Amino acid sequence: MSTTTLDHSHDHSHDHPHGLQRWLFATNHKDIGTLYLWFSIAMLFSGGVLALMIRTELFQPGLQFFQPEFFNQLTTMHGVMMVFGAIMPAFVGFANWMIPLQIGASDMAFARMNNFSFWLLPPAAILLIVSFMVPGGAAAGGWTMYAPLSTQMGPGMDLAIFALHLMGASSIMGSINIIVTILNMRAPGMTLMKMPMFCWTWLITAYLLIAVMPVLAGAITMTLTDRHFGTSFFNAAGGGDPVMFQHIFWFFGHPEVYIMILPAFGVISQILPAFARKPLFGYASMVYATASIAILSFVVWAHHMFTTGMPVTSQLFFMYATMLIAVPTGVKVFNWIATMWQGSMTFETPMLFSIGFIFVFTMGGFTGLILAVTPIDIQLQDTYYVVAHFHYVLVAGSLFALFAGFYYWSPKWTGYMYSEFRGKMHFWLSLITFNITFFPMHFLGLAGMPRRYADYPAQFTDFNMLATIGAFGFGLTQAYFLLFIIIPTIRGGKKAEAKPWEGAEGLEWTVPSPAPFHTFEFPPTVK
Amino acid sequence: MLGLSLTLAGIPAWAVATDPGTGGPVPYQMNLQPPVTQIAVEIYDLHTWMMIICMVIFVAVFGVMFYSIFKHRKSLGHKPATFHESTSVEIAWTVIPFLIVIGMALPATKTVVGMKDTSNADITIKATGMQWKWGYDYLKGEGEGIAFLSTLSTPRSQVGAPGLAPTEQRGENYLIEVDNEVVVPVNKKIRMVLTANDVIHAWSVPAFGVKQDAIPGFVRDTWFKAERIGTFRGNCAELCGKEHAFMPIVVKVVSADDYKVWVDGKKKAMAALADDPSKTWTIDELKVRGEKIYTSNCVVCHQTNGKGVPGAFAALDGSTVVNGAKAQHIHVMLNGQQSGAYPSAMPAWKQLSDTEIAAVITYTRNNWSNKAAENIVQPAEIVAARK
């Protein structure tokens, strides 16, 4: 590995703009990555406030704070904001920051398209927030927007549809950029099979995004024309089929699940070897497992629809296909544990979050396997068991991996070390409050409490109270993360070395911390 | 630790599996409801089987991980090994999970096939999901011809509203009780045919292991054969709008004799209720009858004070339709209306009887501040308008 010339910002001050223009016209991958990360933090907290409002209403049976129609807006917007506003942009932010640094490229391939794909997001977020104020309020048909309920909604639904169009376009452009960058701009000597796992998982994710985001755009456009232009795609009275919406939506929706988790697998696969001081076990099988998961994700969508009443052959096919995904996912977990095995581990915050990820994500994997079994799914479909399941994979999975990635790479981004004590506080509080919130939901679901209920039979009270208490703890913990960890780390602290982690490998650690505005203007050579 | 709590989680509900219970959830319930059909028993056992396999894997995998975490740490001076590949190990942990997955899928297959077999039913009942109630029609078998609507019977005074504490103590079956229960005989195969009027709903009774979406414009079916007498409670499981949480399902399973008694009683009651549409009513009779119809069907959207919900549901108090020509009012009642002024449409109410429609129209035309010129509508006019 060659060393890079240090700090280019002096001889390039003319293309290092300041102030508002730096961000508005940003073409630098690091600036755009930062924008994405701040955007997703803003959406994480907006979606989080909605979640706490939901939990507040559900603290006790009865309607205490919100009318049911507003409650439905809360659940819908919480889902949309977290999926499309928080988790997805956060991983794109990581990709923008880290992929060029990891493959030894000077920037992303299409710098201006990169700018455009970010700046589509704030208007989308504004549409979502404004939709709460239009007559009839925000969309209230669930983040899945099933027809014909979505056809009944007020203008809030149209705003949500436009917002999703914008976010979809942004994701597609971001993906094109990532694919072209990875395939064309790797440093000499870095073959595909020498690439860091984070780049591999993102390459596969980007293909998934390009394949399915247009499908979502199609589904919501048909909803839009059903609503306003007299078409009947999903209206049985006009010869359409409401279930067709679900097929199209989940053909997008299931790969979407993996879009949110594959980059997380990549992050974990970077961090574990660094803190076990031992190379990743089974690199090639990790790549193949990721690709298998991605391919299988296209043939399992109807497991979200077992209760629509499909023929027995379809039910069996989708059950078998879904259970098959457990195999490559299992391979990944085993590889991670084999990476830790016989290592020389230390437990800084990135490692804690990674181990926490494996532990809690695997529980979400088990409940996923249980839900894959059609008869059990029919019993548990649309209950809190499902809510528990996907929060175990999306919060303890994707979000914990994002936290792990933040602690791992923030020295490179900010030039300062975060406080290890505070990081560990953040980890333990998050892990405990997360489980207090979501573990009881398994019981609620098994006992039969349906999801998206503004009010519930009094028998469910105790576990709901527990979940609400946990949720507020989790929310406060994330406020602590923002106020006492992110902001202080940006402002200052112990200076970070170029390679702050003893066992870390990769080109990103060959440039100084913080990474200068321009890096790898002359590509390094990888042996 | 969590693993242990998972195991413990199974115990309390196993203990009550033989107990008749309430036929619904109980406080602190940690497992599936006690099953009362063969399918629900199979689901219960499948879930237990899956939990056992998952627990064993969980303990084995995380046992290894935590052993490694405690032993292979730098602070103990452990030196890192350098291995990073092993084809045989990779093959092993691909093939073994594959075999485990097959062991999970095979027993489930039989249940999937069983759940779909709706043939040879003794009684066929159609359930129609509506915003926000269920309609039941006994289509075939003993009780054929019985039809009724089933709405939540928990009074709003137990629910409360934002900023308005409930004025009444909550009952034991808060939100899982209805005015007209579905009644079926024990040990008879009941085929449920499902559809919906407006949006997708889902008919579910956990104790029966039944959940089936009710899809507007389509007919889907499922079945159950309850093996125990009792009252079993379920909920609408597919988000269907604002009152989604307020349209429960209650099924009363009775002995064959009791069922016969119920069918006779229900048929007599229906005959008594079946009004002669050619009868001429007085305005006061219609208003009294109309208020009842209004309370059970209209109040959710249009509200008791007739003022609707601004921006969501139309006001009837002062409405031009209600105070205008009665022909238009009858038309809206029978065919529904999407004026575009509100996000949701007024549904068609043609499933109500001629007398009921006439009564509720007359009631709204004379209530609140409404003083319509054409202030009375007779059932005969509805008969004429239906043609």
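Chain A of this predicted model has an average pLDDT of 94, and 97% of its residues score at least 70. One stretch of chain A to treat with care is residues 1-13, where pLDDT stays under 50. The model still gives that stretch 25 contacts beyond four places in sequence.

**Where the chains meet**

Let's start with the two chains together. In the contact between them, 85 residues of chain B meet 85 residues of chain A. On the chain B side, the elements that supply two or more residues are α1 (2-15), α2 (38-71), α3 (87-116) and β7 (210-214). Which of these gives the most? That would be α3(B), with 15 residues. Sorted by class, the side of chain B that touches chain A holds 50 nonpolar, 21 polar and 14 charged residues.

**Inside the cores**

Next, the buried nonpolar parts. In soluble globular proteins, nonpolar side chains tend to be buried together. Here the largest nonpolar core runs to 253 residues. The residues with the most contacts inside this core are Ile87(A), Ala160(A), Ile268(A), Phe357(A) and Ala404(A). Helix α9 (residues 242-276) of chain A brings the largest share of this core, 22 residues.

Ile268(A) is a handy place to look around. Once its neighbours within four places in sequence are set aside, Ile268(A) is in contact with Trp336(A), Ser354(A), Phe357(A), Ala401(A) and Ala404(A). Two of those partners, Phe357(A) and Ala404(A), also appear among the residues with the most contacts inside the core.

There is also a second, separate core, which has 21 residues. Its members include Trp281(B), Ala314(B), Ile361(B) and Ala372(B).

**Chain B as a whole**

Chain B is built from eleven helices and ten strands. Is its overall form compact or spread out? Its radius of gyration is 28 Å, while the globule rule gives 21 Å for 387 residues, so chain B is more spread out than a compact globule. Measuring along the principal axes, its C-alpha trace spans about 95 × 50 × 40 Å. Of the 387 residues in chain B, 38% are buried. As for contacts in chain B with a separation of 6 or more, 64% link residues 24 or more positions apart.

A pair of strands gives a closer view. Strand β8 (residues 220-224) of chain B is mostly covered, with four of its five residues buried. Its partner β5 (residues 190-196) of chain B runs antiparallel to β8(B), and five bridges join the two. Across this pairing, Arg191(B) sits opposite Trp223(B) in β8(B).

**Backbone oddities**

Most residues other than glycine have a negative phi, and most peptide bonds are trans. A few spots in this model go the other way:

| Residue(s) | Feature | Angle |
|---|---|---|
| Ala147(A) to Pro148(A) | cis peptide bond | omega near -5 degrees |
| Ser513(A) to Pro514(A) | cis peptide bond | omega about -5 degrees |
| Met145(A) | positive phi, not a glycine | phi about 50 degrees |
| Trp368(B) | positive phi, not a glycine | phi about 50 degrees |

Where do these fall along the chains? Pro148(A) lies in the loop between α5 (121-130) and α6 (149-152) of chain A. Met145(A) is in the loop between α5 and α6 of chain A as well. Pro514(A), by contrast, belongs to the segment after β2 (494-495) of chain A. Over in chain B, Trp368(B) is in the loop between α10 and α11.

Are the two residues with positive phi buried or partly exposed? Met145(A) is buried, because 25 other C-beta atoms lie within 10 Å and 20 are enough to count. Trp368(B) has 16 C-beta neighbours inside 10 Å, so it counts as partly exposed.

**A loop neighbour, Asn370(B)**

The loop that holds Trp368(B) is also home to Asn370(B), between α10 (354-366) and α11 (379-386) of chain B. Asn370(B) is partly exposed, because it has 17 other C-beta atoms within 10 Å, short of the 20 needed for a buried residue. Not counting residues up to four places away in sequence, Asn370(B) touches Asp317(B), Val322(B), Asn323(B), Thr364(B) and Arg365(B). How far is Asn370(B) from Gly306(B) in sequence and in space? The two are 64 residues apart in sequence, and their C-alpha atoms are 9.9 Å apart.

Conventions. Residues are numbered from 1 along each chain as its sequence is written. Chains are lettered from A and ligands numbered from 1 in the order in which they are written. This is a predicted model: local features need pLDDT of at least 70, side-chain atom pairs count only at pLDDT 80 or more; totals for chains, interfaces and linings use all residues. pLDDT is the predictor's confidence in each residue, from 0 to 100. Two residues are in contact if their C-beta atoms, placed from the backbone, lie within 7 Å. Ala, Val, Leu, Ile, Met, Phe, Trp, Tyr, Cys and Pro count as nonpolar, Asp, Glu, Lys and Arg as charged, and the others, Gly among them, as polar. A nonpolar core is a set of buried Ala, Val, Leu, Ile, Met, Phe, Trp, Tyr and Cys residues joined through C-beta atoms within 7 Å. A residue is buried if 20 or more other C-beta atoms lie within 10 Å of its own, exposed if 12 or fewer, and partly exposed in between; C-beta atoms are placed from the backbone. The radius of gyration is taken over C-alpha atoms; the globule rule is 2.2 Å times the number of residues to the power 0.38. Two strands pair if DSSP finds at least two bridges between them.
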